Amino acid sequence: MIRALILDYGNVISKANTGDCAVEMEKLTGVSADIFRSVYDKYRFDFDRGVIGGAEMYRRLLDGAGFSKVAADTALMQKIARIDLESWRPVHDDVCKWALGVQKAGYKLGILSNMPYEFLDAYEKDIPPFTAADYACFSCRVKLIKPEPEIYKTCLKGLGVTPEESVFFDDVQQNIDAALKLGMNAFVWTNLEQGKKDWENCINRQNNKA
């Protein structure tokens with residue numbers, strides 16, 4: 001029996017972040033936008049795990065890329081970190097409404113997201129699925145990140161459901177693959193229309209088995 005809907009935040013609840021904020025960072029610093037985009041491959045997991053802050057993440061990035069003078073400007077690093085966080089703030093209101101509607105229909109609502117402390121400090125109370133969730137599993141708070149199996153297990157335990165009782169959506173295939181290995185119903189998120197279809201298909205399969 002399906003008992004829970006679990007959603008990622010970035011590019012699912014939030015509007016797509018295409019890296020455009022890197023262009024703004026380039027204008028501020030004179031450093032190529034491509035270098036700023038590479039932060040996801042180099043230091044983002046430490047940021048999401050709560051090991052380092054945003055300003056330190058960008059300081060390390062720029063220092064390692066040979067821009068030590070720029071990296072040493074603490075105020076500038078803090079400003080760049082704020083730009084990064086702000087770029088993830090816009091949400092899909094229709095996705096939020098759908099998720100809350102599913103919860104109202106009697107299903108548990110979970111959040112499973114690689115998320116830094118600084119974003120939660122700034123915006124957690126303003127994002128409806130975060131405040132309404134039966135359990136929100138954020139990487140910085142549990143010191144785990146997707147696709148590590150333990151973060152999925154932590155989320156399931158927090159919701160009080162088994163893997164088979166959950167439906168999980170994420171925009172990253174690697175994260176979906178990890179969920180599937182644990183026995184969760186999991187789908188790559190492309191848009192709300194497809195998400196609704198995948199959700200309803202899971203519910204219909206459940207009803208057909210009953």
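Biologist: Is Phe-119 buried or exposed in this structure, and what makes you say so?

Modeller: This is a predicted model, and in it Phe-119 has a relative accessible area of 2%. Buried means under 20%, so Phe-119 counts as buried. The same reasoning applies to Tyr-9, whose relative accessible area is 2% and which is therefore buried.

Biologist: How many aromatic pairs does the count come to?

Modeller: The count comes to 11 aromatic pairs, where a pair needs ring centres that lie within 6.5 Å. One of them is formed by Tyr-9 and Phe-119, with 5.4 Å from centre to centre and 50 degrees between the planes.

Biologist: Why is the pair of Tyr-9 and Phe-119 called tilted?

Modeller: Planes under 30 degrees apart count as stacked and those over 60 as edge-to-face, so whatever remains is tilted. The 50 degrees between the planes of Tyr-9 and Phe-119 fall under neither of those two headings, so the pair is tilted.

Biologist: What makes the pair of Tyr-9 and Phe-119 one that ties together parts apart in sequence?

Modeller: Tyr-9 lies in helix H1 (residues 9–13), whereas Phe-119 lies in helix H10 (residues 117–123), so the pair ties together parts that are 110 residues apart in sequence.

Biologist: Which kind of pair do the rings of Trp-98 and Phe-169 form, and how do you know?

Modeller: Their centres are 6.3 Å apart and their planes stand at 70 degrees. That angle is over 60, so the pair of Trp-98 and Phe-169 is edge-to-face. The two residues are 71 residues apart, with Trp-98 in helix H9 (residues 93–104) and Phe-169 in strand E4 (residues 166–170). Both Trp-98 and Phe-169 are buried.

Biologist: Which residues do ring pairs link into a cluster?

Modeller: The cluster holds Tyr-9, Phe-119, Tyr-123, Phe-130 and Phe-138.

Biologist: How do you know that the buried residues of helix H14 are on the same side?

Modeller: In helix H14 (residues 173–181), the residues Asn-175, Ile-176, Ala-178 and Ala-179 are buried. These residues cover an arc of only 160 degrees around the axis, which puts them on the same side of H14. What covers the buried residues of H14 includes helix H13 (149–159), E4 and strand E5 (185–188).

Biologist: In what order do the strands of the sheet come?

Modeller: The order is E3-E2-E1-E4-E5, with five strands that form an open sheet and pair in parallel.

Biologist: Why do strand E3 and E5 stand at the edges?

Modeller: Strand E3 (135–138) and E5 each have a single partner strand, so one side of each is left without a neighbour in the sheet. From one strand to the next, the twist averages 15 degrees.

Biologist: What makes E1 and E4 a pair of strands, and how many bridges join them?

Modeller: A pair needs at least two bridges, and four bridges join strand E1 (residues 4–7) to E4, so the two strands, which run parallel, meet that requirement. As an example, the bridge partner of Ile-6 in E4 is Phe-168. E1 is also joined to E2 by four bridges, again in parallel, and there the bridge partner of Leu-7 is Ile-111. Both faces of E1 are covered, since Ala-4 and Ile-6 on one side and Leu-5 and Leu-7 on the other are all buried.

Biologist: Does Glu-56 count as buried or as partly exposed, and how do you know?

Modeller: Glu-56, which is found in helix H6 (residues 54–64), has a relative accessibility of 25%. Partly exposed covers what is neither under 20% nor over 50%, so Glu-56 counts as partly exposed. Glu-165, by contrast, has 17% relative accessibility, which is under 20%, so this residue counts as buried. Glu-165 has its place in the loop between H13 and E4.

Biologist: How many disulfides does the structure hold?

Modeller: The structure holds zero disulfides.

Biologist: Why does the sulfur of Cys-96 form no bond with the closest cysteine sulfur?

Modeller: The closest cysteine sulfur, in Cys-155, is 17 Å from that of Cys-96, which is too far for a bond, because a disulfide needs sulfur atoms within 2.5 Å. Cys-140 is in no disulfide either, as the nearest cysteine sulfur, that of Cys-137, is 9.8 Å away. Cys-96 is buried, with a relative accessible area of 5%, and Cys-140, at 0% relative accessibility, counts as buried too.

How values were computed:
Residues are numbered from 1 along each chain as its sequence is written. This is a predicted model: local features need pLDDT of at least 70, side-chain atom pairs count only at pLDDT 80 or more; totals for chains, interfaces and linings use all residues. Side-chain values use heavy atoms; hydrogens and water are left out. Rings of Phe, Tyr and Trp (its six-membered ring) pair if their centres lie within 6.5 Å; planes under 30 degrees apart count as stacked, over 60 as edge-to-face and the rest as tilted. Buried means under 20% relative accessible area, exposed over 50%, partly exposed in between (1.4 Å probe, protein chains only). The arc is that of the directions from the helix axis to the C-beta atoms. Contact means heavy atoms within 4.5 Å. Axes are lines fitted to C-alpha atoms, for helices over the stretch in contact, and angles run from 0 to 180 degrees between N-to-C directions.
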